[in-house]
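Colleague: Could you take me through one part of this model in detail, the open sheet and whatever packs on it? A little background on the whole chain would help too.

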Amino acid sequence: AGCNTHRSARHVMAKSHAGARHEGASNVRIRGQYPVQIANASQGYDPGRASAYTLGSGDKVRITVFGQENLSRTYPVDASGFVSMPLIGAIRAGGMTTFDLESQITEALRQKYVKDPKVTVEVETYRPFFILGEVRKGGQYPYVAGMTVETAVAIAGGFTARAKKRSVQLSRPVHGRTVVRKVSPNWKIQPGDTITVKERFF
């Protein structure tokens, strides 16, 4: 009897572990070659409350190196996520905050060119956002700080008659993954976000 009880316990534990693996896997799916994370409450992801803006392709940054006028200008973040500066060449900016980029540039200049560089980085122009689905003029639009989904819909000409208005789908690149979540119209968006307005069912 003791042997049977032991086997039963092992069987229950095995099923529990398998179920846990299955449940975890259900939160992630692959769309083409890009991993897509489906956010839920237990994961604690909040796309409207990112702690710091991370740079990406399409952004333009104003880099100032005090005392070095030939280096101080506006630089675009290219399609590969780099900015190219005189003297130090290409520096990775994609996925970095402005503070991260400041540190990288400071270190690169200190190594060979400037004894004690003082560097500041500011976002001059944000990359656009995208809005698709049941809006009158879907497409790509310039981002303005503080925008909400409602603002984005207004810029895109408003909802169509078939639009589902209470919530929309928001997709955002986060650390190499695309995180997708349903959000309300008052949700704050970020540069590079894709908003998809679904059709409602009558």
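Modeller: The chain has 3 helices and 12 strands, where helices (H or I, at least four residues) and strands (E, at least two) are DSSP runs numbered from the N terminus. Please keep in mind that this is a predicted model, in which local features need pLDDT of at least 70, side-chain atom pairs count only at pLDDT 80 or more, and totals for chains, interfaces and linings use all residues. Residues are numbered from 1 along each chain as its sequence is written, and side-chain values use heavy atoms, with hydrogens and water left out.

Now to your sheet. It is open, with 3 strands in the order 4-3-7 and antiparallel pairing; two strands pair if DSSP finds at least two bridges between them. Strand 4 (73-76) and strand 7 (119-125) are the edge strands, each pairing on one side only. On average, neighbouring strands of this sheet are turned by 30 degrees against each other, direction ignored; the axes are lines fitted to C-alpha atoms, for helices over the stretch in contact, and angles run from 0 to 180 degrees between N-to-C directions.

Look next at strand 3 (residues 60-65), which pairs with strand 4 in the antiparallel sense over 4 bridges. Lys60 has Pro76 of strand 4 as its bridge partner. Helix 2 (residues 98-112) packs on the sheet and touches strand 3 and strand 7, contact meaning heavy atoms within 4.5 Å. The direction of helix 2 makes about 135 degrees with that of strand 7.

As for the whole chain, 35% of its 202 residues count as buried, that is, under 20% relative accessible area (1.4 Å probe, protein chains only).

Note on methods
Buried < 20%, exposed > 50% of the residue type's maximum accessible area, 1.4 Å probe, protein only.
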